[in-house]
Amino acid sequence: MEVRARAPGKIILAGEHAVVHGSTAVAAAIDLYTYVTVRFPSDSGNDDMLKLLLKDMALEFSWPIHRIKEVLPNFSNPNPLEPISCSPESVTLVASLVEEQNIPEAKIALASGLSAFLWLYTAIQGYKPATVIVTSELPLGSGLGSSAAYCVSIAGALLSLSRCVSLDCSHQGWFIFGESELELVNKWAFQGEKIIHGKPSGIDNTVSTYGNMIKFKSGDLTCIKSNMPLKMLITNTRVGRNTKALVAGVSERTVRHPDAMKAVFSAVDSISKEMATIIQSPATDDISITAKEEKLEELMEMNQGLLQCMGVSHVSIETILRTTLKYKLYSKLTGAGGGGCVLTLLPALLSGTVVDQVIAELDLCGFQCLIAGIGGRGIEICFSSSS
Ligand SMILES: Nc1ncnc2c1ncn2[C@@H]1O[C@H](COP(=O)(O)OP(=O)(O)OP(=O)(O)O)[C@@H](O)[C@H]1O
Ligand SMILES: C[C@@](O)(CCO)CC(=O)[O-]
Ligand SMILES: [Mg+2]
């Protein structure tokens, strides 16, 4: 018996970084997923090890169960129904288990992901041997919420195996959690995000758990029903960066310039709220859709300016902004910035030829473009009897 979970990545339409400081943000799930399969020993033949296979990277990590017990003796009685907080001490202990692994130097950014896995696994399942396999359609560390999709799919798979949660109903072989189970998945995943991000707002794990499009402020989410055909081009600068460092950088700037940054965060709050209102307001014909798109474009441009004030843009992002503007298309960074991905609004009446031209020009600069479906489902679970 094995369980497979999948959780989506996300785009942030407005409000990244400011959301960490209490502003409103707007985010949507995208149809690119991280998949986590958990197999217990009877299927895998592995009876005293916890194994993690990162299949896309052909990497395998394993820990003898007795070693995990030795280093993390306090995880002996896990209660999946009561998420605990990852104390700095427990994170240090987990990190020491990760240090015992041979992580290739070029992949050292995976260390925090390994810590999050070990912490979530032992906190939810205790000392059970298992093989856990991870694959992802998301680029890692690029602003599309790979860390959240990873934590949500790990938490979802582990909770679905814990027997004390029920799955509501099925959809083409995939099961979905009920409301209270989703809340549990989200709470556990947030702990994993804390290990990877340092100080997350919780927006990424929330949108990955619940799917759809959401407005998020200080831990509270409101579902947004879009009343317009929202199409975004996502361009990956391919410049690697680390969300934890970027979030810490904005906090440091806030300590240096508290009043100025307060004004920046307040402006972002207004932008996100206005964006949510526009997306939800009725639009019956092409003229009203175009009018709404023009307002969204202006808000994206304003949000990007404020992200520059926060110090999280990058020359590669600026190149994409200039390139898309030549085609009268508006863009902003999405996620933590510092490289990563950029969103460009593609108006409903924009000709396919222009889209092809702008993609060709961005490709020539060495960037990677994709158009993802927005606002789909959150965490889903699938069971199978053998591997
Ligand atoms: N599929 C995966 N397998 C293993 N580790 C992963 C996976 N996905 C994410 N991670 C962990 O998350 C880290 C990337 O998280 P980070 O928050 O920096 O970027 P992101 O989540 O892609 O972007 P953002 O937070 O801006 O949306 C990786 O370096 C790794 O530690
Ligand atoms: C940069 C940030 O606002 C979004 C990263 O996708 C961090 C967070 O909210 O946790
Ligand atoms: Mg992340």
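**Figure 1. S331 and its polar partners T344 and T324.** In this predicted model, the side chains of S331 and T344 meet in a polar contact of 2.8 Å. The S331 side chain makes another such contact, of 2.7 Å, with the side chain of T324. S331 belongs to strand β11, which covers residues 331–334. With a relative accessibility of 8%, S331 counts as buried, since the cut-off for that label is under 20%. Leaving aside residues up to four places away in sequence, S331 touches M300, Q304, L321, T324, V342, L343 and T344.

**Figure 2. The stretch that UniProt labels "domain: GHMP kinase C-terminal".** According to an unreviewed UniProt entry, this feature sits at residues 294–346. Helix makes up 53% of the span and strand 17%. If you look at the two ends of residues 294–346, their C-alpha atoms are 11 Å apart.

**Figure 3. The magnesium ion and its protein donors.** Which protein atoms serve as donors to the magnesium ion (ligand 3)? They are OG of S147 and NE2 of H197, at 2.1 to 2.2 Å from the ion. S147 comes from helix α5 (residues 146–160) and H197 from helix α6 (residues 179–197), so the pair ties together parts that are 50 residues apart in sequence. Are these donors buried or exposed? Both S147 and H197 are buried.

**Figure 4. Ligand 1 in its surroundings.** How many residues surround ligand 1? There are 24, and the closest are K10, G145, S146, H197 and R241. H197 is also one of the magnesium donors. Zoom in on the backbone and you'll find several glycines facing ligand 1 oxygens. For G145, a polar backbone atom is 2.8 Å from an oxygen atom of the ligand. For G143, a backbone N or O atom lies 3.1 Å from a ligand 1 oxygen, and a polar backbone atom of G113 is also 3.1 Å from an oxygen of ligand 1. On its own, ligand 1 has 640 Å² of accessible area, and the protein covers 96% of it.

**Figure 5. Ligand 2 and the residues around it.** Ligand 2 is surrounded by 14 residues, with K10, H17, P200, S201 and D204 the closest. K10 is listed among the closest residues to ligand 1 as well. A side-chain N or O atom of S201 is 2.6 Å from an oxygen of ligand 2, and a polar side-chain atom of D204 lies 2.6 Å from a ligand 2 oxygen. H17 uses its backbone instead: a polar atom there is 2.8 Å from an oxygen of ligand 2. The protein buries 99% of the 300 Å² that ligand 2 exposes when taken alone.

**Figure 6. Positive phi angles at H17 and A58.** Most residues other than glycine have a negative phi. H17, though not a glycine, has a positive phi of about 65°. H17 lies in the loop between β1 (2–14) and β2 (25–39), and is buried, with a relative accessible area of 5%. A58 also has a positive phi, near 50°, and is found in the loop between β3 (49–54) and β4 (59–64). Is A58 buried or exposed? With a relative accessible area of 71%, A58 is exposed.

**Figure 7. A248 in helix α8.** A248 is part of helix α8, residues 243–256. At 33% relative accessibility, A248 counts as partly exposed. To place A248 against another part of the chain, take F117: the two are 131 residues apart along the chain, and their C-alpha atoms are separated by 22 Å.

How values were computed
Residues are numbered from 1 along each chain as its sequence is written. Chains are lettered from A and ligands numbered from 1 in the order in which they are written. This is a predicted model: local features need pLDDT of at least 70, side-chain atom pairs count only at pLDDT 80 or more; totals for chains, interfaces and linings use all residues. Side-chain values use heavy atoms; hydrogens and water are left out. Donors are N, O and S atoms within 2.8 Å of the metal (3.2 Å for Na, K and Ca); water is not among the atoms, so sites may look incomplete. Helices (H or I, at least four residues) and strands (E, at least two) are DSSP runs, numbered from the N terminus. Buried means under 20% relative accessible area, exposed over 50%, partly exposed in between (1.4 Å probe, protein chains only). UniProt positions are given in the numbering used here, feature names are shortened, and annotations may be inferred rather than shown by experiment. A residue is near a molecule or strand if one of its heavy atoms lies within 4 Å of it. A polar contact is a pair of N or O atoms within 3.5 Å; within protein, one must be able to donate a hydrogen and the other to accept it, and residues adjacent in sequence count only if both atoms are side-chain atoms. Accessible areas come from the Shrake-Rupley method with a 1.4 Å probe; for residues, only the protein chains shown count as cover. Contact means heavy atoms within 4.5 Å.
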